[in-house]
Amino acid sequence: MTEPSNPSARKAQLAKRYRAERRFRAYGIAAISTAGLILFFLMGSILLSSLPAFTQHYVTLDIDITERHVDTQDLANSDWRALARNALRAQFPEVSGRKEKRALGKLLSIGSSDDVRDYVTANPSSLGTSIRLPLTLSDDIDLLLKGVIDRDLPENERVVSNQDLAWLDRLLDEDRISRQFATRIFTNGDSREPELAGLRGALVGSLWTLLVTLLASFPLGVMAAIYLEEIAPKNRLTQIIEVNINNLAAVPSIVFGLLGLAVFINFFGMPRSAPLVGGLVLALMTLPRIIIPTRAAFAAIPPSIREAAMGVGASRLQVIMHHVLPLAMPGILTGTIIGLAQAAGETAPLLMIGMMAFIVDLPTDVTAKATVLPAQIYMWANNPERAFMARTSAGIVVLLSLLLMVNATAIYFRKRFEKRW
Amino acid sequence: MSASSLFLCLIGLGLFSFIFGRRRIHTIAKGASQKQHSRDVYHASFLVICATFVPIVLLIIWTGVSPLVIDALLESFLKTRVSSPSVGEMNVMMAKTKAYYAGSINAAFIDDTIAQATVYYQSLVERSLQARSLAVLLLAIAGVAMGLRKIALRFTARHSVERVAQLIMLIASAIAVLTTVGIVLSLIFETIRFFATVSVSEFLFGLHWSPQIAIREDQAGGSGSFGAIPLFAGTLMITFIAMIVAVPIGLMSAIYLSEYASPRLRGIAKPGIEMLAGIPTVVYGFFAALVVAPFLRDGGADIGLTLSSESALAAGLVMGIMIIPFISSLSDDVINAVPQTLRDGAAALGATHSETIQQVVLPAALPGIVSAVLLAISRAIGETMIVVMAAGVAANLTANPFESVTTVTVQIVMLLVGDQEFDSAKTLAAFALGLVLFFITLALNILALYVVNKYREQYD
């Protein structure tokens, strides 16, 4: 930078340079605040749109558990739906005509029959009596009550008709509508009805899948890391393996899905949509993510430990098993947990092997058809019903909180057991 | 016996032989005048290895290979019954046989040949299972017997056990290599089959992509066209938009955090940005499709722009957000690796802090930053969920970011999701696209490595 000889020009140039300095700092602050704002906005918008899914509106009705609709021998197949509908119709005796009656019945969710059934199954003494029970309302009515659907819109722009609104207002006046925590989102499997759809099937599927991933990738990853870091001679072969592992960590996840489809499903004939295949695909993906931090954990153990063990006559494998491995365990576990958390959020390779099936029942083992949490979120996001948007966001909130907990565990492990040599 | 119960059997046998081996060496060592070579646990482990290692290997190989052998036998059986069937007919017959055997179709759908074939198939499967159980268990028992004879006071059990342990570890690290080989081979095989129906030049340079294959021969628009240029162009556009977002924000925040920020701000902002990296991509996809895209579309409508609701812009912006932590943490590392002496030298010559950064630190860190950007591009090209949820399906060849474009990964998902027969050009096209994706990302990763190694300044 050439200095101007004129003092005032020199001063001006200095001021210019300081302005540039401030500008540069401002860019940095702007970049960080943009990133922060984005994070805030992303979390905020998802949290906000998930809120409606965590509560559900119910209408409290008087139900006659009459013999006519209830088969005492076969409670599961009794006509609970008719009971629920009749109870609602009893509130509006003036409604006549098939069309109106049907419209009135649509205020209730299909799940309202489960409400009655579950109550009667739990309290068999209620048979033949009249009970007071909150029944699930349908998703559109629920959204209207939550204000997600604007009741001031013209009738043809909202899903709820004026007639429905009038009925609803009467029920509101009679103080029959209540809002409760929506337990179904945790206790139910998937459903076509948003108010009945739950995450339990996906959570169980994720659990099975991650179990397979853990069982396959943890031992393999740790053994591979031990071999590469502690045993292998430094030659061309190990170098190739090393480069390979680093590259594998950067292969797009969808390619692992193609591998799973071609090798596990088409070549070995393993079942589609099964946690076994999904878990194995994720295990191959997680393998480099476990090997790399595990090797780092081994490398961080000072050689003096190994030398001391060898000095008292331990063999190479004894040094590793009795001293290096236990000392490196916190680092290995942290790496494994973080790798598994990544696998838990992975969707694309699982779509390839069909783990986005519509599953109502819980998967009972690793070969049953199953779906996982992120795939469930993807499927719900594709559903057109408005109430599914809240359900999807709620699924994301559950997924993110689980991942946060898992990662917090990893950080705790590291903080608690990490040793500095 | 099923594979899992057989496996459980072997585990039980393993436990038993551990206890048994331990007892055995105890009895031998009791009252012996010589010192035993290996500790008890090695003798016990040796017996466990004898009992389980070979049978487990056999179990895995048998389970992997026997379906192939049975299929071949079934095929030759069917060939004796049906005169010169075509490949398609043969596949249908095999599938029917297996479906009938599994009970997933009922007797109304099959003819006599299939019924006979099913009986044959059943006998093959049962015989294979019986033979497998027998072979595995016999081998295990023979192993125990052989191992027991070897156990002795001066037997070097530790050496044997350690040798096997090292072998297992070597196999474990070879699996990483096998995975790569598996990826390359499976992609290449399917791609070669794809290029039997579609020429390489049409795939790589064709301008029209519509992979619909007619179900019936005479249907309109019978053969699909597989020109992948629109997909490459769409992928490039979304990646480009993502980089425009991610590189400035990621780089500037890395610079600010490593050069200006107080430790306290760094302690908050760094984990905050890294949190962006921990968010699953399906969440970004949801954010792009249901928050950003409608927002852009409505905002565009207000100022008179027509944005598609699946615009490349929305997908690109959100992908950029996803990449920010990637660029910022990698750049942070390389900026921190620049020695403090260089900064001190620049400051001593009278440079302001920003001049030091721009003219000394950044040039020194440049190879690392370039490689970070290359890795980020590779990430963006391979990213799937954001584009599947927010970008389009139709292959438009356009340079307008407000329109909808599709990408390589979107098409792979679209071609493979849902049930379709595995051998159609449509499904094989997905593998060809996967191969292209694999090689492009591989090339970018290698290039990134090369840039760092070639241009890195060696300090100290």
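In this predicted model, helix α10 of chain A runs over residues 253-267 and follows the length expected of it: at 1.5 Å a residue, its 15 residues should span 21 Å, and the end C-alpha atoms are 20 Å apart, which agrees. The helix is nonetheless kinked, by about 30°, with the kink centred on A:G260. As for its surroundings, 13 of the 15 residues of α10(A) are buried, so the helix is largely enclosed by the rest of the structure. Another glycine follows just after α10(A), where A:G269 adopts a positive phi of about 65°.

Turning to the contacts between the chains, 68 residues of chain B meet 67 residues of chain A. On the chain B side, the most is given by helix α5 (residues 157-197), which supplies 19 residues. By residue class, the side of chain B that touches chain A comprises 44 nonpolar residues, 21 polar ones and three charged ones.

The interior can be described in a similar way. The largest nonpolar core holds 212 residues, and the members that touch the most others are B:A288, B:A315, B:V318, B:I327, B:I386 and B:A390. For B:I386, with neighbours within four places in sequence left aside, the contacts are B:T281, B:Y284, B:G285, B:A288, B:A315, B:V318, B:M319 and B:M322. Three of these partners, B:A288, B:A315 and B:V318, also appear among the members of the core that touch the most others. Separate from this core is a second one of 20 residues, with B:Y42, B:L59, B:V136 and B:A140 among them.

Technical notes: Residues are numbered from 1 along each chain as its sequence is written. Chains are lettered from A and ligands numbered from 1 in the order in which they are written. This is a predicted model: local features need pLDDT of at least 70, side-chain atom pairs count only at pLDDT 80 or more; totals for chains, interfaces and linings use all residues. A nonpolar core is a set of buried Ala, Val, Leu, Ile, Met, Phe, Trp, Tyr and Cys residues joined through C-beta atoms within 7 Å. A residue is buried if 20 or more other C-beta atoms lie within 10 Å of its own, exposed if 12 or fewer, and partly exposed in between; C-beta atoms are placed from the backbone. Two residues are in contact if their C-beta atoms, placed from the backbone, lie within 7 Å. Helices (H or I, at least four residues) and strands (E, at least two) are DSSP runs, numbered from the N terminus. Ala, Val, Leu, Ile, Met, Phe, Trp, Tyr, Cys and Pro count as nonpolar, Asp, Glu, Lys and Arg as charged, and the others, Gly among them, as polar. The expected span of a helix is 1.5 Å times one less than its number of residues. The bend at a residue is the angle between axes fitted to the seven residues ending there and the seven starting there.
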